[in-house]
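Dear colleague,

I am passing on the structure below, together with some notes on what turned up in it. Please read the notes with the model open beside you.

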Amino acid sequence: NQDHNHSITANGSPTIWVTDYGADPTGKTDSTSALKQAINAALLMGAPNANLSNGIHDCGGATIHLGGGDYLISAPLVIPVNYGN
């Protein structure tokens, strides 16, 4: 399990950089796994048991930042239901 640093915006929301998870902004190698890992990290943000409403987990305003570039993906990237910002 890798430990990743996340920057915090002025309003206190975490920013997750996909390149920290190994995403390749040149588009030469597949970044699907790295992007899925970044999405999963964002889904874990926010206070435990924090809900926006009706069981929708509050991800604490997490932002997934691509930082520019072209990313090759080989499968759909899916945000599960019941998560929000």
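How many helices and strands make up the secondary structure of the protein chain? There are one helix and five strands, where helices (H or I, at least four residues) and strands (E, at least two) are DSSP runs numbered from the N terminus, and from that end the elements run β-β-α-β-β-β.

Before the details, please keep in mind that this is a predicted model, in which local features need pLDDT of at least 70 and side-chain atom pairs count only at pLDDT 80 or more, while totals for chains, interfaces and linings use all residues. Residues are numbered from 1 along each chain as its sequence is written, and side-chain values use heavy atoms, with hydrogens and water left out.

The chain averages a pLDDT (the predictor's confidence in each residue, from 0 to 100) of 84, and 86% of the residues score at least 70. Among the elements, helix 1 (residues 32-43) has the highest mean, 94, whereas strand 1 (residues 7-8) has the lowest, 58.

Of the 85 residues, 29% count as buried, that is, under 20% relative accessible area, with exposed meaning over 50% and partly exposed in between (1.4 Å probe, protein chains only). The largest nonpolar core (buried Ala, Val, Leu, Ile, Met, Phe, Trp, Tyr and Cys residues joined through side-chain atoms within 4.5 Å) has twelve residues, among them I16, V18, Y21, A42, M45 and Y71. Helix 1 supplies the largest share of this core, five residues. Leaving aside neighbours within four places in sequence, A42 is in contact (heavy atoms within 4.5 Å) with I16, C59, A62 and I64.

T32 also lies in helix 1, and T32 counts as buried because its relative accessibility is 6%. Beyond its neighbours within four places in sequence, T32 is in contact with L72, I73, S74, A75 and L77.

You may also wish to look at D24, in the loop between strand 2 (14-17) and helix 1. D24 is buried yet has no salt bridge, which would need a side-chain nitrogen of Lys or Arg within 4 Å of a carboxyl oxygen of Asp or Glu; the nearest side chain of opposite charge, K28, is 7.2 Å away (Lys and Arg count as positive and Asp and Glu as negative, with His and the chain ends not counted). The D24 side chain does, however, reach the backbone nitrogen of K28 at 3.2 Å. Outside its neighbours within four places in sequence, D24 is in contact with T29, S31, D70 and Y71.

With best regards

Note on methods
A polar contact is a pair of N or O atoms within 3.5 Å; within protein, one must be able to donate a hydrogen and the other to accept it, and residues adjacent in sequence count only if both atoms are side-chain atoms.
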